[in-house]
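Student: I've got a structure open and I'd like to talk through how its pieces pack. Can we go through it together?

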Amino acid sequence: MDLSSKIQNVKFENLFLNASGIHCQTKEELDDLMNNSYSGGMVTKSATSNHRFGNPLPRYHSLPSGSINSMGLPNEGFDFYLDYVTRTEQKKPIILSVAGMSKEEDLELLHQIQDSDYQGLTELNLSCPNVIGKPQMAYDFQGSDIMLNEIFKFFKKPLGIKLPPYFDLVHFDKIASILNQYPLSHVNTINSIGNGMWVDIESEKVVLKPKGGFGGIGGAMALPTALANVRALRQRLNSSIDIIGTGGVTTGRDAFAHILCGANMVSIGTQVYEEGLGAFERITSELKEIMNSKGYHSLDDFRGKLKTIE
Ligand SMILES: O=C(O)c1[nH]c(=O)[nH]c(=O)c1Cl
(Lines give C-alpha, C1' and ligand atoms only; values in the text may rest on other atoms or scores of the structure.)
Protein backbone atom coordinates (compact mmCIF):
# COMPACT_ATOMS: atom_id res chain seq x y z
CA MET A 1 0.00 0.00 0.00
CA ASP A 2 1.69 3.17 -1.22
CA LEU A 3 0.50 6.51 0.20
CA SER A 4 3.46 8.49 -1.15
CA SER A 5 2.93 11.61 -3.21
CA LYS A 6 4.83 14.48 -4.80
CA ILE A 7 4.73 18.24 -5.25
CA GLN A 8 6.78 18.80 -8.40
CA ASN A 9 9.95 16.73 -7.76
CA VAL A 10 9.67 16.81 -3.98
CA LYS A 11 8.66 13.35 -2.73
CA PHE A 12 6.57 12.88 0.41
CA GLU A 13 6.46 9.46 2.09
CA ASN A 14 2.73 9.98 2.63
CA LEU A 15 0.18 12.48 1.42
CA PHE A 16 -0.67 14.10 4.75
CA LEU A 17 0.40 17.55 5.93
CA ASN A 18 -0.71 19.85 8.73
CA ALA A 19 -2.71 22.82 7.52
CA SER A 20 -0.62 25.96 7.90
CA GLY A 21 -1.41 27.56 11.24
CA ILE A 22 -2.07 24.29 13.03
CA HIS A 23 0.71 22.96 15.31
CA CYS A 24 3.39 24.82 13.36
CA GLN A 25 4.05 28.21 14.99
CA THR A 26 6.78 27.49 17.55
CA LYS A 27 9.97 25.40 17.47
CA GLU A 28 8.37 22.84 19.83
CA GLU A 29 5.34 22.44 17.56
CA LEU A 30 7.48 22.22 14.42
CA ASP A 31 9.81 19.65 16.02
CA ASP A 32 6.71 17.65 17.06
CA LEU A 33 5.54 17.59 13.44
CA MET A 34 9.02 16.75 12.17
CA ASN A 35 9.12 13.72 14.47
CA ASN A 36 5.56 12.55 13.77
CA SER A 37 5.86 9.49 11.56
CA TYR A 38 2.36 9.66 10.09
CA SER A 39 2.59 12.99 8.30
CA GLY A 40 4.62 12.94 5.11
CA GLY A 41 5.43 16.62 5.23
CA MET A 42 4.75 19.82 7.14
CA VAL A 43 3.87 23.45 6.54
CA THR A 44 5.03 26.35 8.72
CA LYS A 45 2.70 28.98 10.15
CA SER A 46 2.50 31.79 7.61
CA ALA A 47 5.35 34.17 8.43
CA THR A 48 5.33 37.96 8.40
CA SER A 49 8.55 40.01 8.47
CA ASN A 50 8.26 40.66 12.18
CA HIS A 51 7.11 38.59 15.13
CA ARG A 52 3.37 39.06 15.73
CA PHE A 53 1.25 38.33 18.79
CA GLY A 54 -1.81 38.41 16.56
CA ASN A 55 -5.36 39.30 17.51
CA PRO A 56 -6.69 39.51 21.10
CA LEU A 57 -8.13 36.36 22.70
CA PRO A 58 -10.50 34.57 22.52
CA ARG A 59 -9.57 34.06 18.86
CA TYR A 60 -10.25 30.34 18.30
CA HIS A 61 -13.45 28.47 19.13
CA SER A 62 -14.42 24.84 18.56
CA LEU A 63 -17.80 24.38 16.89
CA PRO A 64 -20.12 21.33 16.85
CA SER A 65 -18.68 20.34 13.47
CA GLY A 66 -15.65 22.52 12.91
CA SER A 67 -13.95 25.66 14.13
CA ILE A 68 -13.95 29.41 13.84
CA ASN A 69 -10.73 31.45 14.15
CA SER A 70 -9.53 34.99 13.97
CA MET A 71 -5.91 34.43 15.03
CA GLY A 72 -4.55 37.47 13.20
CA LEU A 73 -1.32 35.93 11.90
CA PRO A 74 0.50 35.25 15.18
CA ASN A 75 3.99 34.03 14.27
CA GLU A 76 7.65 34.11 15.35
CA GLY A 77 8.72 36.26 12.42
CA PHE A 78 10.17 35.32 9.04
CA ASP A 79 13.82 34.97 10.12
CA PHE A 80 12.85 32.25 12.60
CA TYR A 81 11.06 30.16 9.97
CA LEU A 82 13.72 30.66 7.28
CA ASP A 83 16.32 29.56 9.82
CA TYR A 84 14.20 26.56 10.85
CA VAL A 85 13.60 25.28 7.32
CA THR A 86 17.25 25.89 6.35
CA ARG A 87 18.98 24.59 9.46
CA THR A 88 16.79 21.77 10.80
CA GLU A 89 17.58 18.19 9.74
CA GLN A 90 14.76 17.43 7.34
CA LYS A 91 13.21 14.08 8.22
CA LYS A 92 10.41 15.14 5.87
CA PRO A 93 9.90 17.97 3.38
CA ILE A 94 8.80 21.32 4.82
CA ILE A 95 6.76 23.95 3.00
CA LEU A 96 7.72 27.49 4.08
CA SER A 97 4.56 29.62 4.25
CA VAL A 98 4.71 33.42 4.01
CA ALA A 99 1.99 36.06 4.34
CA GLY A 100 3.09 39.67 4.13
CA MET A 101 0.89 42.35 5.60
CA SER A 102 1.05 44.09 2.23
CA LYS A 103 2.05 43.36 -1.34
CA GLU A 104 5.37 45.11 -0.69
CA GLU A 105 6.02 42.85 2.28
CA ASP A 106 5.07 39.76 0.26
CA LEU A 107 7.63 40.77 -2.39
CA GLU A 108 10.27 41.54 0.23
CA LEU A 109 9.82 38.13 1.89
CA LEU A 110 10.06 36.35 -1.45
CA HIS A 111 13.21 38.31 -2.36
CA GLN A 112 14.76 37.13 0.90
CA ILE A 113 13.86 33.52 0.09
CA GLN A 114 15.16 33.87 -3.47
CA ASP A 115 18.46 35.27 -2.14
CA SER A 116 18.78 32.61 0.59
CA ASP A 117 20.17 29.10 0.25
CA TYR A 118 16.74 27.60 1.01
CA GLN A 119 15.94 25.16 -1.80
CA GLY A 120 12.62 23.77 -0.58
CA LEU A 121 9.00 24.56 -1.35
CA THR A 122 7.50 27.98 -0.58
CA GLU A 123 3.80 28.81 -0.25
CA LEU A 124 2.48 32.36 -0.52
CA ASN A 125 -0.66 32.80 1.56
CA LEU A 126 -2.99 35.06 -0.42
CA SER A 127 -6.03 34.20 1.66
CA CYS A 128 -5.69 35.10 5.33
CA PRO A 129 -9.17 36.40 6.26
CA ASN A 130 -8.31 37.67 9.71
CA VAL A 131 -5.92 40.59 9.48
CA ILE A 132 -8.06 43.62 10.26
CA GLY A 133 -8.18 45.93 7.29
CA LYS A 134 -6.30 43.54 4.96
CA PRO A 135 -8.45 42.02 2.22
CA GLN A 136 -7.92 38.46 1.02
CA MET A 137 -5.68 39.20 -1.98
CA ALA A 138 -6.87 36.18 -3.94
CA TYR A 139 -10.38 37.67 -4.17
CA ASP A 140 -8.85 40.56 -6.12
CA PHE A 141 -8.30 38.87 -9.48
CA GLN A 142 -6.50 41.76 -11.18
CA GLY A 143 -4.39 42.47 -8.10
CA SER A 144 -3.35 38.82 -7.90
CA ASP A 145 -2.41 38.77 -11.58
CA ILE A 146 -0.29 41.92 -11.25
CA MET A 147 1.38 40.57 -8.12
CA LEU A 148 2.17 37.16 -9.61
CA ASN A 149 3.61 38.89 -12.67
CA GLU A 150 5.97 40.90 -10.46
CA ILE A 151 6.91 37.86 -8.36
CA PHE A 152 7.87 35.62 -11.24
CA LYS A 153 10.19 38.26 -12.66
CA PHE A 154 12.62 37.43 -9.85
CA PHE A 155 11.41 34.35 -7.97
CA LYS A 156 12.89 31.20 -9.56
CA LYS A 157 12.38 28.66 -6.79
CA PRO A 158 9.27 26.44 -6.42
CA LEU A 159 6.29 28.61 -5.34
CA GLY A 160 2.73 27.63 -4.49
CA ILE A 161 -0.25 29.77 -3.56
CA LYS A 162 -2.71 29.27 -0.63
CA LEU A 163 -6.14 30.15 -1.97
CA PRO A 164 -9.41 31.10 -0.28
CA PRO A 165 -12.54 29.19 -1.28
CA TYR A 166 -14.43 30.41 -4.34
CA PHE A 167 -18.18 29.94 -4.65
CA ASP A 168 -18.94 30.77 -8.27
CA LEU A 169 -17.99 28.75 -11.37
CA VAL A 170 -17.03 31.95 -13.19
CA HIS A 171 -14.66 32.77 -10.33
CA PHE A 172 -13.06 29.31 -10.70
CA ASP A 173 -12.59 30.13 -14.43
CA LYS A 174 -11.10 33.53 -13.61
CA ILE A 175 -8.59 32.50 -10.95
CA ALA A 176 -7.52 29.41 -12.91
CA SER A 177 -6.91 31.43 -16.09
CA ILE A 178 -4.69 33.76 -14.07
CA LEU A 179 -2.78 31.00 -12.26
CA ASN A 180 -2.22 29.06 -15.50
CA GLN A 181 -0.05 31.91 -16.77
CA TYR A 182 2.57 31.30 -14.06
CA PRO A 183 5.02 28.47 -13.30
CA LEU A 184 3.46 27.61 -9.94
CA SER A 185 4.57 24.47 -8.14
CA HIS A 186 1.14 24.03 -6.56
CA VAL A 187 -2.00 25.60 -5.23
CA ASN A 188 -3.25 24.83 -1.75
CA THR A 189 -7.03 25.00 -1.61
CA ILE A 190 -8.87 25.93 0.58
CA ASN A 191 -8.04 28.33 3.35
CA SER A 192 -10.75 28.79 5.99
CA ILE A 193 -14.11 30.09 4.78
CA GLY A 194 -13.69 33.75 5.62
CA ASN A 195 -15.76 35.79 8.05
CA GLY A 196 -18.20 33.31 9.43
CA MET A 197 -20.11 33.99 12.64
CA TRP A 198 -21.03 31.86 15.68
CA VAL A 199 -23.43 32.87 18.44
CA ASP A 200 -23.54 31.62 22.03
CA ILE A 201 -27.25 31.38 22.84
CA GLU A 202 -26.97 31.50 26.63
CA SER A 203 -24.85 34.64 26.73
CA GLU A 204 -26.33 36.03 23.52
CA LYS A 205 -22.75 36.89 22.59
CA VAL A 206 -20.26 36.15 19.79
CA VAL A 207 -17.49 33.65 20.64
CA LEU A 208 -14.44 35.51 19.28
CA LYS A 209 -13.13 38.88 20.49
CA PRO A 210 -11.47 40.21 17.28
CA LYS A 211 -13.54 41.79 14.51
CA GLY A 212 -16.76 41.69 16.51
CA GLY A 213 -16.77 37.90 16.29
CA PHE A 214 -16.22 37.32 12.57
CA GLY A 215 -13.76 34.50 11.83
CA GLY A 216 -12.64 31.86 9.34
CA ILE A 217 -14.60 28.62 9.33
CA GLY A 218 -12.80 25.26 9.18
CA GLY A 219 -13.34 21.62 9.99
CA ALA A 220 -16.06 19.18 8.93
CA MET A 221 -18.53 21.83 7.79
CA ALA A 222 -15.97 23.13 5.27
CA LEU A 223 -15.64 19.77 3.46
CA PRO A 224 -18.20 20.33 0.65
CA THR A 225 -16.64 23.70 -0.19
CA ALA A 226 -13.13 22.25 -0.04
CA LEU A 227 -14.01 19.32 -2.32
CA ALA A 228 -15.65 21.67 -4.82
CA ASN A 229 -12.57 23.91 -4.94
CA VAL A 230 -10.17 20.98 -5.36
CA ARG A 231 -12.35 19.50 -8.14
CA ALA A 232 -12.98 22.79 -9.95
CA LEU A 233 -9.31 23.81 -9.90
CA ARG A 234 -8.13 20.36 -10.94
CA GLN A 235 -10.49 20.56 -13.92
CA ARG A 236 -9.13 24.00 -14.89
CA LEU A 237 -5.44 24.20 -13.91
CA ASN A 238 -2.55 23.03 -16.10
CA SER A 239 -1.52 19.51 -15.12
CA SER A 240 1.90 20.97 -14.23
CA ILE A 241 0.35 22.67 -11.19
CA ASP A 242 -0.08 20.25 -8.30
CA ILE A 243 -2.90 20.60 -5.74
CA ILE A 244 -2.83 20.34 -1.96
CA GLY A 245 -6.38 19.71 -0.80
CA THR A 246 -7.19 21.35 2.53
CA GLY A 247 -10.48 21.67 4.35
CA GLY A 248 -12.86 19.48 6.27
CA VAL A 249 -10.74 16.33 6.56
CA THR A 250 -11.67 14.44 9.74
CA THR A 251 -11.58 10.83 8.47
CA GLY A 252 -9.96 8.60 5.87
CA ARG A 253 -13.15 8.88 3.82
CA ASP A 254 -12.71 12.67 3.59
CA ALA A 255 -9.09 12.25 2.49
CA PHE A 256 -10.21 9.68 -0.10
CA ALA A 257 -12.74 12.19 -1.42
CA HIS A 258 -10.09 14.91 -1.74
CA ILE A 259 -7.87 12.58 -3.78
CA LEU A 260 -10.81 11.50 -5.97
CA CYS A 261 -11.41 15.21 -6.68
CA GLY A 262 -7.78 15.51 -7.81
CA ALA A 263 -5.65 16.42 -4.80
CA ASN A 264 -1.98 15.33 -4.82
CA MET A 265 -1.60 15.87 -1.07
CA VAL A 266 -4.08 16.47 1.75
CA SER A 267 -3.61 18.81 4.71
CA ILE A 268 -5.50 18.59 7.96
CA GLY A 269 -6.13 21.56 10.24
CA THR A 270 -9.02 21.66 12.70
CA GLN A 271 -9.03 17.90 13.29
CA VAL A 272 -5.33 17.87 14.18
CA TYR A 273 -5.87 20.82 16.49
CA GLU A 274 -8.80 19.12 18.25
CA GLU A 275 -7.51 15.50 18.31
CA GLY A 276 -3.75 16.03 18.34
CA LEU A 277 -1.10 14.61 16.02
CA GLY A 278 -2.61 11.15 16.53
CA ALA A 279 -5.17 12.19 13.92
CA PHE A 280 -2.51 11.58 11.23
CA GLU A 281 -2.10 7.92 12.24
CA ARG A 282 -5.86 7.34 12.53
CA ILE A 283 -6.71 8.98 9.20
CA THR A 284 -3.81 7.22 7.46
CA SER A 285 -5.04 3.82 8.62
CA GLU A 286 -8.64 4.65 7.69
CA LEU A 287 -7.52 5.65 4.19
CA LYS A 288 -5.51 2.43 3.83
CA GLU A 289 -8.62 0.43 4.83
CA ILE A 290 -10.72 2.11 2.15
CA MET A 291 -8.04 1.63 -0.53
CA ASN A 292 -7.64 -2.00 0.48
CA SER A 293 -11.36 -2.69 0.27
CA LYS A 294 -11.42 -1.19 -3.23
CA GLY A 295 -8.27 -2.89 -4.47
CA TYR A 296 -6.27 0.32 -4.85
CA HIS A 297 -2.51 0.12 -4.21
CA SER A 298 -1.47 3.73 -4.73
CA LEU A 299 -3.09 7.17 -4.85
CA ASP A 300 -2.56 7.26 -8.61
CA ASP A 301 -5.04 4.39 -8.92
CA PHE A 302 -7.92 6.75 -8.12
CA ARG A 303 -6.61 10.35 -8.05
CA GLY A 304 -8.89 12.68 -9.99
CA LYS A 305 -11.17 9.82 -11.09
CA LEU A 306 -14.36 11.19 -9.54
CA LYS A 307 -17.25 10.05 -11.69
CA THR A 308 -20.16 12.21 -12.76
CA ILE A 309 -23.68 10.94 -13.25
CA GLU A 310 -24.24 10.40 -17.01
O1 LIG B 1 -5.78 34.33 11.53
C2 LIG B 1 -4.82 33.66 11.05
O3 LIG B 1 -3.64 33.70 11.48
C4 LIG B 1 -5.18 32.81 9.88
N5 LIG B 1 -6.31 32.08 9.99
C6 LIG B 1 -6.81 31.35 8.93
O7 LIG B 1 -7.87 30.70 9.05
N8 LIG B 1 -6.14 31.35 7.76
C9 LIG B 1 -4.99 32.05 7.58
O10 LIG B 1 -4.43 32.03 6.47
C11 LIG B 1 -4.49 32.81 8.69
CL12 LIG B 1 -3.00 33.70 8.48
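Student: Over how many bridges do strand 7 and strand 8 pair?

Tutor: Bear in mind that this is a predicted model. Strand 8 covers residues 121-125, and its pairing with strand 7 is in the parallel sense. One spot to look at is serine 97, which stands opposite glutamate 123 in strand 8. As for the pairing of strand 7 and strand 8, the count of bridges is four.

Student: And which residue in strand 7 is the bridge partner of valine 43?

Tutor: Start from strand 4, residues 42-43, which runs parallel to strand 7 and is joined to it by two bridges. The partner of valine 43 in strand 7 is isoleucine 95.

Student: Is strand 7 largely enclosed or not, and how many of its residues are buried?

Tutor: Side chains in a regular strand alternate between the two faces of the sheet. Here Ile94, Leu96 and Val98 point one way, Ile95 and Ser97 point the other way, and all are buried. Strand 7 (residues 94-98) is therefore largely enclosed by the rest of the structure, with its buried residues numbering five of the five.

Student: Switching to helices: are helix 1 and helix 2 roughly parallel or roughly antiparallel?

Tutor: The axes of helix 1 (residues 27-34) and helix 2 (residues 78-87) come within 12 Å and cross at roughly 25 degrees. Angles under 35 degrees count as roughly parallel. So the label for helix 1 relative to helix 2 is roughly parallel.

Student: What is the handedness of that crossing, and how many charged residues does the contact have?

Tutor: The crossing of helix 1 and helix 2 is right-handed. Helix 1 brings Lys27, Leu30, Asp31 and Met34 to the contact, while helix 2 brings Phe80, Tyr81 and Tyr84. Sorted by class, the contact of helix 1 with helix 2 has five nonpolar residues, no polar ones, and charged residues numbering two.

Student: There's also an open sheet in the order 5-6-14-11, so which strands stand at its edges?

Tutor: Four strands form that sheet, and the pairing is antiparallel. Neighbouring strands in it are turned by 30 degrees against each other on average, direction ignored. An edge strand has a single partner strand, so one side is left without a neighbour in the sheet; that goes for strand 5 (60-63) and strand 11 (193-196).

Student: Which residue of strand 14 stands opposite glycine 196?

Tutor: Strand 11 is joined to strand 14 (residues 215-218) by two bridges, and the two run antiparallel. Opposite glycine 196, in strand 14, stands glycine 215.

How values were computed: Residues are numbered from 1 along each chain as its sequence is written. This is a predicted model: local features need pLDDT of at least 70, side-chain atom pairs count only at pLDDT 80 or more; totals for chains, interfaces and linings use all residues. Side-chain values use heavy atoms; hydrogens and water are left out. Axes are lines fitted to C-alpha atoms, for helices over the stretch in contact, and angles run from 0 to 180 degrees between N-to-C directions. Angles under 35 degrees count as roughly parallel, over 145 as roughly antiparallel, 65 to 115 as roughly perpendicular and the rest as oblique. A crossing is left-handed if the near helix is turned anticlockwise from the far one by less than a right angle, and right-handed if clockwise. Contact means heavy atoms within 4.5 Å. Ala, Val, Leu, Ile, Met, Phe, Trp, Tyr, Cys and Pro count as nonpolar, Asp, Glu, Lys and Arg as charged, and the others, Gly among them, as polar. Buried means under 20% relative accessible area, exposed over 50%, partly exposed in between (1.4 Å probe, protein chains only). Two strands pair if DSSP finds at least two bridges between them.
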